[in-house]
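I opened this notebook to record what I looked up in one structure. The entries follow the order in which I went through it.

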Amino acid sequence: QTISAYTDIVNYINGDTTDTGARKNTSYVLYKDSLYFALGTIQNNYNLSITAGGSGSAKPQILILTDESGNNAKLCVPHGNLNLEGIFISGVDNSGKQLGDLIETGTTNIRISLKNCTIDSVKNRIVIDDQDSCSVFFEDCYISNIANSSHGGRVLDARETVIDSVSFINNTFYNIMHDIIGRFSGGEKYFKFDHNTIYNLMRCPLRIDVCPDIIVTNNLFIQTGFVGYLTSWEPFISALDMGDRDEWTRVEIWPLDSSAAFTGYTQSINFKNNNFWMDPAIIAQYPDTVHAYRTLDFDFEKQMVGTDTTTWLSEDVSFTSTPTCKYIEMAIENWKDGSPQTNPGWTDNTRPYYFTYPTTKASYTAATGGFPLGDLNWWPEKKAQWILTDVKSVSGATLPAKYAIEQNFPNPFNPTTIIKYSIPKESLVKIKIYNVLGKEVATLVNSNQKAGEYNITFNAAKMASGVYFYNISAGNFNSTKKMILMK
């Protein structure tokens with residue numbers, strides 16, 4: 001269902017029901033080059049998809065509105081799966097005030113997916129996951145200026161919850177005050193952070209905490225943890241205190257605990273092909289009481305990751321164009337008394353920025369398969385090659401009991417959708433796409449795969465709108481499902 005420009009999408013979507021309260025639509029398209037409004041909160045108890053469509057070039061923008069009391073509200077509190085794709089959202093509302101949080105989970109066992117979205121100037125969190133067994137996916141997103149205080153400003157935050165899956169792939173983040181992943185106990189069953197670019201992040205990028213299946217690969221961590229940490233934290237490090245490690249380390253990884261959530265799991269960590277770089281000129285200005293952030297802090301953590309650090313780089317990639325940052329001014333204010341940093345010392349008034357870098361840099365070929373480190377959206381030709389070889393394993397400790405393939409999500413879609421499938425034993429897997437005439441139009445998988453759960457992204461950007469079918473054959477299993485491409 002398409003929605004006209006200048007519409008309040010909250011009122012439109014919440015009210016899109018029959019006289020009996022049944023849903024009319026669950027998938028909505030916003031026109032490119034158009035402005036939309038949001039007054040209040042979408043609280044879907046169905047699988048909701050909001051995507052961009054039309055022939056324009058600019059992403060449709062959602063402007064947050066204030067109510068009669070001058071307050072703004074979260075855009076979504078989903079009680080069903082939520083998919084946002086190709087949307088621009090500014091955290092600055094119509095009155096000039098920042099939105100605190102954008103999305104908060106409303107129930108357990110739901111999936112939140114943000115793909116090709118641009119999100120700017122949200123004050124606290126993009127997503128709060130405070131319900132168990134949910135999954136959160138960020139892909140191809142451009143996220144900036146997430147800032148509140150020295151301990152505020154996160155992309156994904158979670159409190160006392162066990163998340164099923166977290167996946168961040170091919171995203172760019174800059175001017176982030178606290179961290180990309182903020183975890184407070186609980187943990188995740190699967191964590192993947194691959195081909196992301198992070199620039200100007202004040203404290204700890206990744207608080208992974210407890211997780212049996214960790215993948216942190218092919219990323220650029222440039223100017224992260226630049227505030228440094230005070231000598232007063234050294235006793236906590238010496239005591240192996242894992243409580244507030246965002247005060248001194250870039251990445252938090254914990255060993256598995258004995259909680260029921262992780263009973264029977266073993267820990268697997270792939271932590272390779274990353275570039276962690278901080279400008280030595282900043283570190284040189286630290287007083288004797290301040291030290292540079294650690295990448296990994298404890299010996300047990302380094303042992304879990306592995307002793308092979310030759311696949312880690314520490315290289316200034318010299319981005320083509322970036323915002324400036326008053327690193328020392330921000331750090332000094334924090335060193336004085338640990339008070340919140342109320343005036344971020346970065347600028348964002350010389351857009352557009354380009355996070356490309358010279359192809360002569362080692363980072364350009366340092367990723368798995370010889371691809372560039374960081375967000376591959378800055379290298380379109382390289383990304384096109386990478387997509388052809390990328391099938392993402394989401395396997396946990398328990399192997400699937402049977403072959404299965406799920407309904408693609410979102411559906412209808414434009415132009416990408418995710419297909420999830422399960423393989424109980426090593427098999428030759430073939431997944432193909434057919435049109436309504438039965439003609440094969442794409443092959444997504446044609447290889448031997450180990451037992452596990454997988455997802456693959458199908459990009460139909462070059463295909464016409466219409467009905468298509470996807471088929472899997474693996475072992476003695478054969479299944480076909482229908483999908484709808486709606487541009």
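The entries below go from the whole chain to the aromatic pairs and then to single residues of the backbone.

**Entry 1: the chain as a whole**

I noted at the outset that this is a predicted model. I looked up the secondary structure and found six helices and 34 strands in the protein chain. I then took the radius of gyration, which is 22 Å; the globule rule gives 23 Å for 487 residues, so the chain is as compact as a globular protein of that length. Along the principal axes, the C-alpha trace spans about 70 × 60 × 50 Å.

I asked what share of the residues counts as buried. The value is 55% of the 487 residues. For contacts with a separation of 6 or more, I found that residues 24 or more positions apart account for 73%.

I recorded the surface next: the protein chain exposes about 19,700 Å², and carbon and sulfur atoms supply 49% of this area. For the charges, I compared the mean positions of the 40 positive and 50 negative ones, which are 8 Å apart.

**Entry 2: aromatic pairs**

I counted 31 aromatic pairs in the structure. I examined one of them, Phe-319 with Phe-355, and found it edge-to-face, at 5.1 Å centre to centre and with 75° between the planes. Phe-319 lies in the loop between β26 (312–313) and α5 (327–337), and Phe-355 lies in the loop between α5 and α6 (380–387), so this pair ties together parts that are 36 residues apart in sequence. I checked the accessibility of both residues: Phe-319 and Phe-355 are buried.

I turned to Tyr-421 and Tyr-454, whose ring centres are 5.5 Å apart. Their planes meet at 15°, so I entered the pair as stacked. Tyr-421 belongs to strand β29 (residues 416–423) and Tyr-454 to strand β32 (residues 452–459), and the pair thus links distant parts of the chain, 33 residues apart. Tyr-421 is buried at a relative accessible area of 2%, and Tyr-454 is buried at 9%.

I also looked up which residues share a cluster with Phe-319 and Phe-355. One aromatic cluster holds both, and its other members include Tyr-142, Tyr-174, Tyr-199, Trp-378 and Trp-379.

**Entry 3: cis peptide bonds and positive phi**

I kept in mind that most residues other than glycine have a negative phi and that most peptide bonds are trans. I found a cis peptide bond between Phe-409 and Pro-410, with omega about 0°. I found another cis bond from Asn-411 to Pro-412, with omega near 0°. I placed Pro-410 in the loop between β28 (404–405) and β29, and Pro-412 in the loop between β28 and β29.

Ser-133 has a positive phi, near 65°, without being a glycine. I located Ser-133 in the loop between β11 (125–129) and β12 (135–139), and its relative accessible area of 34% makes it partly exposed.

Glu-160, also not a glycine, has a positive phi of about 55°. I located Glu-160 in strand β14 (residues 154–169), and I recorded it as exposed, with a relative accessible area of 62%.

**Entry 4: Thr-7**

I asked whether Thr-7 is buried or exposed. Its relative accessible area is 18%; buried means under 20%, so Thr-7 counts as buried. Thr-7 sits in the loop between β1 (2–3) and α1 (9–14). Leaving aside neighbours within four places in sequence, I found Thr-7 in contact with Tyr-12, Leu-35, Tyr-36 and Phe-37.

Notes:
Residues are numbered from 1 along each chain as its sequence is written. This is a predicted model: local features need pLDDT of at least 70, side-chain atom pairs count only at pLDDT 80 or more; totals for chains, interfaces and linings use all residues. Side-chain values use heavy atoms; hydrogens and water are left out. Rings of Phe, Tyr and Trp (its six-membered ring) pair if their centres lie within 6.5 Å; planes under 30 degrees apart count as stacked, over 60 as edge-to-face and the rest as tilted. Helices (H or I, at least four residues) and strands (E, at least two) are DSSP runs, numbered from the N terminus. Buried means under 20% relative accessible area, exposed over 50%, partly exposed in between (1.4 Å probe, protein chains only). The radius of gyration is taken over C-alpha atoms; the globule rule is 2.2 Å times the number of residues to the power 0.38. Contact means heavy atoms within 4.5 Å. Accessible areas come from the Shrake-Rupley method with a 1.4 Å probe; for residues, only the protein chains shown count as cover. Lys and Arg count as positive and Asp and Glu as negative; His and the chain ends are not counted. The place of a charge is taken as NZ of Lys, CZ of Arg, CG of Asp or CD of Glu.
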